[in-house]
Amino acid sequence: MTDHAQAVIIGGGVGGCSIAYHLTDLGWRDIVLVERSELTSGSTFHSAGLVGQLRSSVSLTRMMMYSVELYRRLKDETGKDPGWREVGSLRLASSKERLEELRRQAGWAKTFGLPLEEIGTKDAQGLLPIMSLEDVLGAVYLPTDGHIDPSGLTYALVEGAKNRGAKIRTETRVQSITVKGGRIHEVVTDKGVIRTDVVVNASGMFAPEIGRMVGITVPIIPIAHQYLITKPLDGVNSTFPTMRDPDLLVYFREEVGGLVMGGYERNPAPWGLGGIPEDFNSKLLSPDWDRFAPLMENAVRRVPSLEHAEVIKLINGPEGFTPDGEFVLGESPEVRGFFTAAGFCAHGLAGAGGIGRMMAEWIVEGEPSLDLWRMDIRRFGHQYRSQRFTLERTYEVCATYYDIHYPNEERQSARGLRLSPTHARLKELGAVFGEKAGWERANWFETNAKDGSEANRPRGWASRYWSPAIEAEHLATREQVAIFDETSFSKIEILGPGALPFLQHLTANEMDKPVGSVTYTQMLNKHGGIECDLTVTRLAQDRFMLITGTAFGTHDMGWIMKHLPSDGSVCIKDVTSSWACLGLWGPRARDILQSVTEADVSNGGFPYLTAKEIVIGLVPVLALRVTYVGELGWELYCPMEYGLRLWDTLWDAGMPHGLVAAGYRAIDSLRLEKGYRYWSADITPEHNPFEAGLGFAVRINKGEFIGREALLNVKERGITRRLCCMTLEDFHSVALGGEPIRSGDRIVGRVTSGGMGYSVGKSIAYGYLPVDYAVPGTGLYIEIFGQWLDAVVEQEPLWDPKGERIRA
């Protein structure tokens with residue numbers, strides 16, 4: 001056994017082998033891949049092998065597209081045939097709602113240049129003559145999709161990796177992993193010890209077991225996935241495209257003149273919850289015909305000849321699924337050098353090329369070239385340490401795998417876990433709760449619906465999870481005053497003698513400001529991309545509090561910890577659960593606050609972007625004059641046990657002023673009008689502050705900071721695109737994100753986020769445009785469910801009340 005390696009990859013499935021291939025492609029030669037049994041012996045060998053490129057996120061789609069590019073060339077490059085068959089794919093719509101989804105996907109595909117087209121039912125049947133058109137309303141066809149041989153692909157990747165120096169060690173079990181000083185030190189196997197700084201946990205459904213060796217939670221549940229293989233059927237040939245009928249929960253592809261048919265049951269079967277047997281290698285589970293029967297009935301409806309086909313085998317193999325149906329990728333925030341690439345949710349073959357490439361970039365260059373937030377291991381908080389929580393979420397994902405997931409849809413499983421101290425009050429007031437990071441949060445209050453207008457209900461999908469209450473709460477914030485429970489905000493404390501220089505190095509804005517200052521800033525990667533978007537409040541000379549989004553706390557903590565100095569001069573703490581937070585915003589916010597505090601909260605006594613310790617009624621409060629809605633107001637933080645009293649005090653004081661309880665859906669519409677960016681949609685690690693319109697938050701001359709060199713280069717050469725505010729001619733049509741933006745015959749961008757602006761009376765959409773188009777007054781078109789609507793670029797912000805400019 002090799003005694004040293006630049007990186008040790010644990011797992012000889014398609015994911016691990018792709019990472020080895022791409023690490024060696026980036027110049028790392030001293031790579032060792034260890035596999036407990038033989039290559040592909042986990043889940044890879046029993047994959048159905050379908051490869052579809054268009055996915056629910058920009059980055060995942062790009063990864064799939066790269067996979068196809070790689071699969072096309074692997075045979076010529078390595079001499080090993082991966083079995084790539086570019087036969088195209090069909091996706092059917094057997095319901096009106098599904099047809100809307102297909103049309104939305106066709107628009108989404110335009111933004112990537114993918115040749116996806118909507119076709120008629122007869123054209124679909126012409127591509128797959130054995131299919132029945134019963135209930136089929138339409139279809140889309142993508143000629144560059146296909147299917148691939150799982151073992152062929154894996155061995156082609158291995159050949160490429162070995163040709164560049166990688167070592168493959170099968171029949172080698174990892175027994176333990178040693179960590180020193182918070183970093184990977186060595187891997188202990190039954191064949192010897194390997195000293196290394198990098199471990200990649202690519203062990204599929206075994207990934208949680210490997211993670212536990214270093215104290216890391218990898219939230220994956222093995223789920224039994226079934227498909228059958230038939231003997232040759234009349235009328236089936238090798239040119240048939242793959243076909244998915246999600247309304248019937250089934251998929252098909254050709255296999256040696258017969259068919260592969262599988263699907264996703266409403267009653268998934270978790271497996272191995274008490275641990276996976278040590279000898280479970282190259283094995284399958286017993287066929288479960290009773291569970292498969294509903295899928296079989298649906299499949300016969302779509303392909304009637306299947307009823308009398310001779311079945312060779314019903315494959316029943318466990319696949320690693322995650323609680324949100326996305327991959328688990330990236331470096332652990334707790335242990336440096338420990339990377340995970342697992343939880344491929346039955347589409348690892350389609351994504352293997354992109355997974356390998358992104359992981360190799362992450363390891364070699366420190367960060368991937370794409371925004372991988374939706375796949376990043378840092379998206380999982382501490383609640384996923386609970387197997388029950390993880391299981392309930394994963395079960396729900398699998399049971400609804402082929403369902404249409406509408407915007408603002410909420411998860412139904414594992415609810416009621418994290419409650420703010422005001423939860424009972426919110427419930428009494430008619431809150432309609434959503435969930436984020438385990439927190440129950442008010443989306444809106446149905447009791448406010450009477451003050452909104454059904455006439456403003458949006459068309460189509462945007463109306464599914466909407467209430468007139470959202471409009472009412474929005475307008476109350478603009479015209480009177482509203483109170484919001486924001487306890488779920490992630491709160492991070494950084495303290496110590498090195499805290500200031502540390503934050504100066506991490507952030508793009510100036511941190512050396514007086515105690516009591518609140519600073520809006522970004523943390524950038526070396527390319528100038530936005531990794532974190534937050535506020536920093538200076539509480540003392542050596543103490544700062546960072547406020548970031550509810551879902552982004554673990555991610556941002558991970559980024560900060562990655563750069564933490566090793567000399568002990570800086571301490572970092574997640575204090576989210578220590579502080580309740582209420583937002584009080586609107587023109588009358590000062591009147592309410594002044595009535596319950598002796599502190600001077602006048603504009604002169606409490607300027608914008610400052611913080612003070614005050615007392616509200618009986619409650620000690622850290623008050624921050626800051627806003628994410630574009631109105632006068634404060635974020636009010638108090639120790640958690642005071643939270644209910646703080647709410648009651650403000651609520652009672654607010655009654656004479658028309659105070660309204662409001663939820664997060666109103667916040668989103670308010671921030672759109674004001675032009676505030678949302679990280680992970682409008683701004684990501686692929687966007688720099690200048691093109692995002694956040695140059696005002698950059699102090700390029702303050703000294704060195706991460707990303708400064710890249711920003712200097714951007715300033716020198718100029719930006720090529722700019723995040724723009726656009727409005728649609730039709731107020732009731734809402735851009736949900738991902739829609740193509742067109743000028744003439746050219747696709748010039750895609751929507752990043754959108755929604756209704758109730759104060760300005762316009763449907764708002766944001767998106768990046770080439771600078772020549774990023775001029776107010778420029779006419780464009782945005783496609784909403786297959787229909788091109790007039791849009792125009794607007795001057796920002798659409799709403800800007802006096803005295804509350806974030807640029808102040």
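**Helix α1 and its partners**

I began with how helix α1 passes helix α5, and I noted that the crossing is left-handed. I keep in mind throughout that I am reading a predicted model. The axes of α1, residues 14–25, and α5, residues 150–163, come within 8 Å and cross at roughly 25 degrees. Angles under 35 degrees count as roughly parallel, and I therefore wrote down α1 and α5 as roughly parallel to each other. Looking at who touches whom, I listed V14, C17, S18, A20, Y21 and T24 on the α1 side, and L153, T154, L157, V158, G160 and A161 on the α5 side.

Next I turned to the pair formed by α1 and helix α8, residues 348–365, whose axes are 8 Å apart and which pack at an angle of about 45 degrees. With that angle I entered α1 and α8 as oblique to each other, and I recorded their crossing as right-handed. From α1 the contact takes in V14, S18, I19, H22 and L23, while α8 brings G348, L349, A352, G353, G356, R357, M359, A360, I363 and V364.

**Helix α3**

I then checked the length of helix α3, which has 15 residues and runs over residues 96–110. At 1.5 Å a residue α3 should span 21 Å, and because its end C-alpha atoms lie 22 Å apart, I noted that the two values agree. Which residues of α3 are buried? I found R98, L99, E101, L102, Q105, A106, G107, W108 and A109 in that group.

**Cysteines**

How many disulfides does the structure hold? My search gave 0. For C581, which is in no disulfide, the nearest cysteine sulfur is that of C638, and it lies 8.7 Å away. A disulfide needs two cysteine sulfur atoms within 2.5 Å, so the 8.7 Å from C638 to the sulfur of C581, its nearest, leaves C638 in no disulfide as well. I also asked whether C581 is buried or exposed. C581 counts as buried because its relative accessibility is 0%, and C638 is likewise entered as buried, with a relative accessible area of 0%.

**Unusual backbone places**

I looked for peptide bonds of the cis kind and noted the one from E796 to P797, where omega is near -10 degrees. P797 sits in the segment that follows β38, a strand covering 787–794.

I also looked up residues that are not glycine and yet have a positive phi. N408 has a phi of about 65 degrees, and I located N408 in the loop between α9 (387–399) and α10 (423–428). With a relative accessible area of 40%, N408 is partly exposed. For F785 I wrote down a positive phi near 50 degrees, and its place is the loop between β37 (779–784) and β38. F785 counts as partly exposed too, because its relative accessibility is 24%.

**The surroundings of N456**

My last entry concerns N456, which I found in the loop between β21 (439–445) and α11 (468–479). Is N456 buried or exposed? Its relative accessible area is 19%, and since buried means under 20%, N456 is entered as buried. Which residues does N456 contact, once its neighbours within four places in sequence are left aside? I listed W466, E471, F731, H732 and M756.

How values were computed. Residues numbered from 1 in each chain as written. Predicted model: local features only at pLDDT ≥ 70, side-chain atom pairs only at ≥ 80, totals over all residues. Heavy atoms only, no water. Helix = DSSP H or I, 4+ residues; strand = E, 2+ residues; numbered from the N terminus. Expected span 1.5 Å × (residues − 1). Buried < 20%, exposed > 50% of the residue type's maximum accessible area, 1.4 Å probe, protein only. Axes fitted to C-alpha atoms, helices over the stretch in contact; angles between N-to-C directions. Parallel < 35°, antiparallel > 145°, perpendicular 65-115°, else oblique. Left-handed = near helix turned anticlockwise from the far one by under 90°. Contact = heavy atoms within 4.5 Å.
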